[in-house]
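Biologist: I should like to go through this model step by step. Please begin with any term that I shall need.

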Amino acid sequence: MVAAPAARPVVAEAAAPAGAVAAHAGHGAATAASAPGWALAVLLVVAVVVPYLAGAARVRARGRRWSRWRTASWTTGALLLGAAASPPVAAASAGPLGHTAQHLLLGMHAPLALVLASPVRLLLGAGSPAVRRRVAAVLRSRLVRVASVPAVAALVDTGGLYLLHLTPLLAASHRLPWVHALVVVHFVLAGSLWAWAVAGPDPAPHRPGTGERAVVLVLAAAAHGVLAKLLYARAADLPPGAPGTVAEREQAAVLLSYGGDLAEVLLAAALFAGWLRLRGVRARTRMGACAPGPSPTPLRSSPPAP
Amino acid sequence: MATSGGAPVGAGTAEARRSALVAAAVGVGLMAAADEVVFHQLLGWHHFYDRSTPAVGLVSDGLLHAVELVLLVAGGFAFADLRRRGALAPRWAWSGLLLGLGGFQVFDGVVDHKVLRVHQVRYGVDLLPYDLAWILGGVLLVVAGALLALRARRAGGPPGGRGAGGPPGGR
């Protein structure tokens, strides 16, 4: 136990120069070699953005409004995904700092931007009746019902992060490309599920109240922060078998902590902005119900608050 | 925060109490953010993690930090809701803000620094003057908040809190 932390940095430092030399040797060819990487990143952004733009155009063609803010949010999410896939970040993701940056982009910030764009509402607005029926059936399915319980989503997302960093899984993802691909896909899906369960503006039949979602948000953010401090405190032997010097791992843990804080604040802002909007709508409906004269129906169908 | 819960008996309206509570939440979040920015980032007196923190301190610190951030955001939106409904009682809000600011600082100085020993105000110095200044500063803010609460109560004001007057400094 005592010898292990002393031995490990030696191994890490011995490995580091070899990696640095390899990176340096490849530097001359880097500009030419990274061209396909950039093309792939741009292609990813286009593939994510174009269907959304087509859907929004279809909704507008049907005479309904689609907020430009939602479109901007989706585009932002797509650009963040593209940034995470771009050659500089992808190359850096072999080290602790780059891996953490990629996790923050793919698993926390991009999903929030994508979820705030209401993709399910767009699907309902732009799809044919058959598509709408299918979406509604999926929303009502048991899987979606269980997965969108905020505590379950938190377990999948933050629990997955614990699993990745406290077991040899991270080391395996650095060695084996297919494990790495699975981890990346998990980041995006779990992060989207979590953002959707906490602050999704999409219609969901079983969404719990603001209070419950806020409590789970606090607990999950606390768990995320504790993991970051744990990785900092035990940088000599965590994550087990992963590359990087102790100093690099400490830097990565600090980035994980502050990047996680930023994501928590943004998620909370999205959650409470939804609460404020709902309160405005309810207040106006109540006023309509109390007002003499016409029935409250026209008020209820008035557009929601900005 | 505990004080503001039972305080507005005289004014007696839900809005006065809500104004104080919402502002107290903002106060707690603001003081925590100020602590983070000034002492961690600018002065570098506190450490990100100082290796003497016991496990229970690590977990409680993480929980507290998450609560603070959400309180600040939630308080901001609840404040916007009060203003939009014209239900803000400014005197009570100022009192709650000071109670929140001071309450957090006293809590941080006593529980975090001394009981849980998450981190200290500064390292490599005689801690006593720093701890005293830290905690006394918090106590002063709490006293100022309590005095404002008394004034707000004496001023009374009709339900809805609109008549409870402007901010104490006059704005």
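Modeller: A crossing of two helices is called left-handed if the near helix is turned anticlockwise from the far one by less than a right angle, and right-handed if it is turned clockwise. Please also keep in mind that this is a predicted model.

Biologist: Which hand does the crossing of H4(A) and H6(A) have?

Modeller: The helices concerned are H4, residues 68-85, and H6, residues 96-116, both of chain A. By the definition just given, the way in which H4(A) passes H6(A) is left-handed.

Biologist: Are H4(A) and H6(A) roughly parallel or roughly antiparallel?

Modeller: Their axes lie 7 Å apart, and the packing angle is about 165°. Angles over 145 degrees count as roughly antiparallel. H4(A) and H6(A) are therefore roughly antiparallel.

Biologist: How many charged residues does the contact of H4(A) with H6(A) have?

Modeller: On the side of H4(A), the residues include A:Trp74, A:Gly77 and A:Leu80, and among those they meet in H6(A) are A:Leu105, A:His109 and A:Ala113. By class, this contact has 11 nonpolar and 5 polar residues, and the number of charged ones is none.

Biologist: How are H10(A) and H13(A) oriented to each other?

Modeller: H10(A), residues 150-166, packs with H13(A) at an angle of about 5°, and the axes are 10 Å apart. Angles under 35 degrees count as roughly parallel. The two helices are therefore roughly parallel.

Biologist: How many nonpolar residues are in the contact of H10(A) with H13(A)?

Modeller: From H10(A), the contact includes A:Ala154, A:Leu161 and A:Tyr162, while A:Val216, A:Leu219 and A:Ala223 are among the residues from H13(A). Sorted by class, there are 3 polar residues, 2 charged residues and 11 nonpolar residues.

Biologist: Is A:Ser173 buried or exposed?

Modeller: A:Ser173 belongs to helix H11, residues 169-175, of chain A. Beyond its neighbours within four places in sequence, it is in contact with A:Val179, A:His180 and A:Val183. A residue counts as buried when 20 or more other C-beta atoms lie within 10 Å of its own. Because A:Ser173 has 21 such atoms, it is buried.

Biologist: How many helices does chain B have?

Modeller: Chain B has 0 strands, and its elements run α-α-α-α-α from the N terminus on. The number of helices in chain B is 5.

Biologist: What percentage of the residues in chain A is buried?

Modeller: Chain A has 15 helices and 0 strands. In chain B, 44% of the 171 residues are buried. For chain A, with 306 residues, the buried portion is 33%.

Biologist: Which helix supplies the largest share of the side of chain A that touches chain B?

Modeller: Across the interface, 21 residues of chain A are in contact with 17 residues of chain B. Helices H13 (210-233) and H14 (246-290) of chain A each supply at least two residues of the side that touches chain B. The largest share, 11 residues, comes from H14(A).

Biologist: Which helix gives the largest share of the largest nonpolar core?

Modeller: This core has 102 residues, and those with the most contacts inside it include A:Leu217, A:Leu267, B:Val70 and B:Ala74. Not counting residues up to four places away in sequence, B:Ala74 touches A:Ala214, A:Ala268, A:Phe272 and B:Ala25. The largest share of the core, 14 residues, is that of H13(A).

Terms used. Residues are numbered from 1 along each chain as its sequence is written. Chains are lettered from A and ligands numbered from 1 in the order in which they are written. This is a predicted model: local features need pLDDT of at least 70, side-chain atom pairs count only at pLDDT 80 or more; totals for chains, interfaces and linings use all residues. Two residues are in contact if their C-beta atoms, placed from the backbone, lie within 7 Å. Helices (H or I, at least four residues) and strands (E, at least two) are DSSP runs, numbered from the N terminus. A residue is buried if 20 or more other C-beta atoms lie within 10 Å of its own, exposed if 12 or fewer, and partly exposed in between; C-beta atoms are placed from the backbone. A nonpolar core is a set of buried Ala, Val, Leu, Ile, Met, Phe, Trp, Tyr and Cys residues joined through C-beta atoms within 7 Å. Axes are lines fitted to C-alpha atoms, for helices over the stretch in contact, and angles run from 0 to 180 degrees between N-to-C directions. Angles under 35 degrees count as roughly parallel, over 145 as roughly antiparallel, 65 to 115 as roughly perpendicular and the rest as oblique. Ala, Val, Leu, Ile, Met, Phe, Trp, Tyr, Cys and Pro count as nonpolar, Asp, Glu, Lys and Arg as charged, and the others, Gly among them, as polar.
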